[in-house]
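Open the model in your viewer and keep the selection panel handy. We will go stop by stop, and at each one you will hear what to select and what to look for.

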Amino acid sequence: MFNRFRRCYFIKRRCEKNNEYLLNCQKNCNRETLNINEIDYNALLQKVKDGGILIDVRTRQEFLEGHLEGAILIPYYEIRKKIVNIIPTKEQCIVLYCQNGGRSVKAYEVLKKIGYSNLYNLKGGLEVISYS
């Protein structure tokens, strides 16, 4: 016999009140709803210009194949253990991105849970930039 782990699957929907994305658990497992501050590429550039830190949460190989100028690589599966050493101030503006937005949402959730409060996610990831 083996253990079966209960997985939590999120659905993404827009909040009617403020038009932000919300993630809701489909299995009603009492996980919190997470408000995601999603921004487009122009807003990302402005946040970085204003002192925000840009974090690429893709793998090292993906990062080496190409990344946004000024981005710091912290793969999403390492973000919990590495972020405090790189960005100790939890109020610092952080902009996350990945290839299509999925991994950066996971990283966003981790950072929010450990107390980072000024977070943004590039809506649609790099795929949106390459097609525009």
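A residue is called buried when its relative accessible area is under 20%. Keep that cut-off in mind as you select Cys-93: its relative accessible area is 12%, so Cys-93 counts as buried. Now add Cys-98, which is buried as well, at 0%. While you have cysteines on screen, note that the structure holds zero disulfides. One reminder before moving on: this is a predicted model.

**The whole chain**

Zoom out and switch to a cartoon view. You should find five helices and eight strands, arranged along the sequence as β-β-β-β-α-β-α-β-α-β-α-β-α. The protein chain has 132 residues, and 39% of them count as buried. Turn on a surface if you like: the accessible surface comes to about 8,700 Å², with 47% of it belonging to carbon and sulfur atoms. If you draw contacts between residues with a separation of 6 or more, 53% of them link residues 24 or more positions apart.

**The five-stranded sheet**

Next, colour the open sheet whose strands have the order β4-β8-β7-β5-β6, with parallel pairing. Which strands stand at the edges? They are β4 (38–39) and β6 (72–73); each has a single partner strand, so one side of each lacks a neighbour in the sheet. At the β6 end, select β5 (residues 53–56), which is joined to β6 by two bridges. Asp-56 has Leu-73 in β6 as its bridge partner.

Then go to the other end, where two bridges join β4 to β8. On the far side of β8 from your last stop, β7 is the next strand in the order, and three bridges join β7 to β8.

**Asn-121, a stop worth making**

Select Asn-121, in strand β8 (residues 119–122). Is Asn-121 buried or exposed? With a relative accessible area of 0%, Asn-121 is buried. Show the side chains of the strand: Leu-119 and Asn-121 point one way, Tyr-120 and Leu-122 point the other way, and all are buried.

Asn-121 is the bridge partner of Glu-38 and also of Leu-96. Now look at the side chains. A polar contact of 3.1 Å joins Asn-121 to Glu-38, and another, of 2.5 Å, joins Asn-121 to Ser-104. Expand the selection to contacts beyond four places in sequence, and you will pick up residues including Ile-36, Gly-101, Val-105 and Tyr-108. Try a distance tool on Asn-37 too: 84 residues separate it from Asn-121 in sequence, yet the C-alpha atoms are 6.1 Å apart.

**The nonpolar cores**

Nonpolar side chains tend to be buried together in soluble globular proteins. To see the largest nonpolar core here, which has 18 residues, select Ile-55, Ile-79, Ile-83, Ile-94, Leu-96, Leu-111 and Tyr-116, the members that touch the most others. Colour α3 (79–86), β7 (94–97) and α4 (102–113), each of which supplies at least two residues of this core. Which of these gives the largest share? It is α4, with five residues.

Centre on Tyr-116 and show what surrounds it. Beyond its neighbours within four places in sequence, Tyr-116 is in contact with Ile-83, Val-84, Ile-87, Pro-88, Thr-89, Lys-90, Ile-94 and Leu-111. For the last stop, select Ile-39, Leu-44, Phe-63 and Tyr-120: these are among the 12 residues of another core, which lies apart from the largest one.

Key. Residues are numbered from 1 along each chain as its sequence is written. This is a predicted model: local features need pLDDT of at least 70, side-chain atom pairs count only at pLDDT 80 or more; totals for chains, interfaces and linings use all residues. Side-chain values use heavy atoms; hydrogens and water are left out. A nonpolar core is a set of buried Ala, Val, Leu, Ile, Met, Phe, Trp, Tyr and Cys residues joined through side-chain atoms within 4.5 Å. Buried means under 20% relative accessible area, exposed over 50%, partly exposed in between (1.4 Å probe, protein chains only). Helices (H or I, at least four residues) and strands (E, at least two) are DSSP runs, numbered from the N terminus. Contact means heavy atoms within 4.5 Å. A disulfide is a pair of cysteine sulfur atoms within 2.5 Å. A polar contact is a pair of N or O atoms within 3.5 Å; within protein, one must be able to donate a hydrogen and the other to accept it, and residues adjacent in sequence count only if both atoms are side-chain atoms. Two strands pair if DSSP finds at least two bridges between them. Accessible areas come from the Shrake-Rupley method with a 1.4 Å probe; for residues, only the protein chains shown count as cover.
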